[in-house]
Amino acid sequence: MKTLYVMAGLFAVGMPMAASANDLEWSAELGLNVAASSGAVETTANTAVELSYAGAFVGGEIETLFQDPTDKAEITLTLGYTFDIGADTALTASYSRIFLDNSGFSSHEIGAALDFPISSNVGGTFEIVHDLTASTTDYSLGAEFGLGNGFTAEALIGHDGTEVYGETGLSYDFNDTLSAGLVVELSQSASPVFNFGLTIGFGS
């Protein structure tokens, strides 16, 4: 519950600060998703906000969970810094605290992500995340393909320390604020999860 108050504080205090400071940028996102797997269909939602200044950023996100028997929501708070190391190439280092609402479970993790261009319309991301609580490491490699006319495709493959997983998806930008997407989540130990979502994003 304390984390929910922290998130409320970020929205109430951070966004007016960002609006009044030229060097401080903010972004926010609201999402609604319909997830389906093995005949089960459930609606999930998320909200996120991020403040950034000269490469440093702080962010918070609350998202509801799909088919979790105990917890209804996951709360993530993140601190990080992005280093621009070349044309369209950046390295981001981050630290995150993760909380579940009912069970009281919490964990923390550190991560590093390298974003790099592959071609004029294809970008790649290599990411390493180490869970400091479980002492496990997740490696993933993703690519985003600009298809033109508002369409973007994505593909990702990773290993979470136990098994291989993947994602593939297609999204469409109606404008600078509203987008829709279809994402399929794959793993070795579970049935595929199909997600159709709408996202509203805004910021400075």
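Strands S3 and S4 pair in the antiparallel sense over nine bridges, where strands are DSSP runs of E with at least two residues, numbered from the N terminus, and two strands pair if DSSP finds at least two bridges between them. This is a predicted model, in which local features need pLDDT of at least 70 and side-chain atom pairs count only at pLDDT 80 or more, while totals for chains, interfaces and linings use all residues. Residues are numbered from 1 along each chain as its sequence is written, and side-chain values use heavy atoms, with hydrogens and water left out.

Within this pairing, Glu-61 has Thr-76 of S4 as its bridge partner. S4 also pairs in the antiparallel sense with S5, residues 89–100, over twelve bridges, and there Leu-77 has Arg-97 of S5 as its bridge partner. Two residues lie between the strands in the hairpin of S4 and S5, where Asp-88 takes a positive phi near 60°.

Glu-61 and Thr-76 appear again among the residues that line the second largest pocket. A pocket is an open set of points on a 1 Å grid over the protein atoms alone, where a 1.4 Å probe fits, with protein on both sides within 12 Å along at least five of seven lines, and its lining residues have an atom within 4 Å of a point. Strands S1 (25–37), S2 (40–53), S3 (56–64) and S4 (73–86) each supply at least two residues of this lining, and the largest share, four residues, comes from S3. By class, the lining has four nonpolar, five polar and three charged residues, with Gly counted as polar and Glu as charged.
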